[in-house]
Amino acid sequence: QDVGLKGSLTPRELHPGPCLVEGMATGLDGDRGTIPKHPQQLFFDNVNPATRLLEKRRQMYEVQDALENQKARFAKEEEQFRKKEEQLRVKDLHLQNQLVKFNKFLQDNEAKRRRSETRAHEEAAQIKQKDEEIQDLEKQLQDSKATCTKLEEEKDRNMKYEEFLELVKETCDDY
């Protein structure tokens, strides 16, 4: 049968045997877009040139379709990877911000701890100084009490002389 370029016959009608491109386009397992491991062979022994041209065009279109599908799948995967990369970038930026805040928090706490330690050392030094002052004042108090007791005793000893002088003075007035 002589068919021109504009014939309405399908590739199966053109060649009833196995089709190389159909095996490629649908795969051996029926999965569209995968290339089979062992493509079926197509024999063009007794086929006219127009039929060969149609078959080659059909093969070319199927390969082009498979290529477009693969490009679309790659573009979709690339977009997914781009979105995932952006999500990771945002997450990384968020983690970096949290790390900066946490470091600031740690530095603030460390500064507070150092201030507290310094204040505690200063207070301990002041307490020690006040304790020494208390001890000095207590010693002075004891010394003052001892001096006061001695003076009281001396006063009591000297009172008899005052009484004597008073008595002498009273008797002297009579003269």
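Student: Why is Arg113 called partly exposed?

Tutor: Look at its relative accessible area, which is 37%. Buried means under 20%, exposed means over 50%, and partly exposed is in between (1.4 Å probe, protein chains only). Arg113 at 37% falls in that middle band, so partly exposed is the right label. One caution: this is a predicted model, where local features need pLDDT of at least 70, side-chain atom pairs count only at pLDDT 80 or more, and totals for chains, interfaces and linings use all residues. Residues are numbered from 1 along each chain as its sequence is written, and side-chain values use heavy atoms, with hydrogens and water left out.

Student: What makes Glu110 and Arg113 a salt bridge?

Tutor: Their N to O distance is 2.2 Å. The rule asks for a side-chain nitrogen of Lys or Arg within 4 Å of a carboxyl oxygen of Asp or Glu, so this pair passes. Side chains of opposite charge can pair when their charged atoms come close. Why can these two meet? Glu110 and Arg113 are 3 residues apart in helix H3, so about one helical turn separates them. Glu110 is also partly exposed, at 30%.

Student: And Arg58 with Glu62, how do you know that they form a salt bridge?

Tutor: Their closest N and O atoms are 2.8 Å apart, which means the salt-bridge rule is met. Arg58 and Glu62 sit 4 residues apart in helix H3, again about one helical turn.

Student: Is Arg58 buried or exposed? And Glu62, buried or exposed?

Tutor: Arg58 has a relative accessible area of 11%, so it counts as buried. Glu62 comes in at 18%, so Glu62 is buried too.

Student: What makes Glu152 and Lys155 a salt bridge?

Tutor: Here the N to O distance is 3.8 Å, so the pair still passes the cut-off. Glu152 and Lys155 are 3 residues apart in helix H3, about one helical turn. Glu152 is partly exposed at 39%, and Lys155 is partly exposed at 43%. Elsewhere, salt bridges that share partners join Glu110, Arg113, Arg114 and Glu117 into one network.

Student: How many salt bridges are found in the whole structure?

Tutor: The search finds 12.

Student: How do you know that the charged end of Lys160 sits over the ring of Tyr161?

Tutor: It is 5.9 Å from the ring centre. The rule wants NZ of Lys or CZ of Arg within 6 Å of the ring centre and within 35 degrees of the ring normal, so 5.9 Å fits the distance part.

Student: What makes the nonpolar surface patch?

Tutor: Phe102, Phe105 and Leu106 make it, about 300 Å² in all. Patch residues have over 30% relative accessible area and no salt bridge, with nonpolar side chains (Val, Leu, Ile, Met, Phe, Trp, Tyr) joined within 5 Å and like charges within 9 Å. Phe105 has a relative accessible area of 46%, so it clears the accessibility cut-off. Phe105 lies in helix H3 (residues 49-173).

Student: How many helices and strands are there in the protein chain?

Tutor: There are 3 helices and 0 strands, and from the N terminus on they run α-α-α. Helices (H or I, at least four residues) and strands (E, at least two) are DSSP runs, numbered from the N terminus. Of the 175 residues, 9% count as buried.

Technical notes: Areas by Shrake-Rupley, 256 points an atom, 1.4 Å probe, with all protein chains shown as cover.
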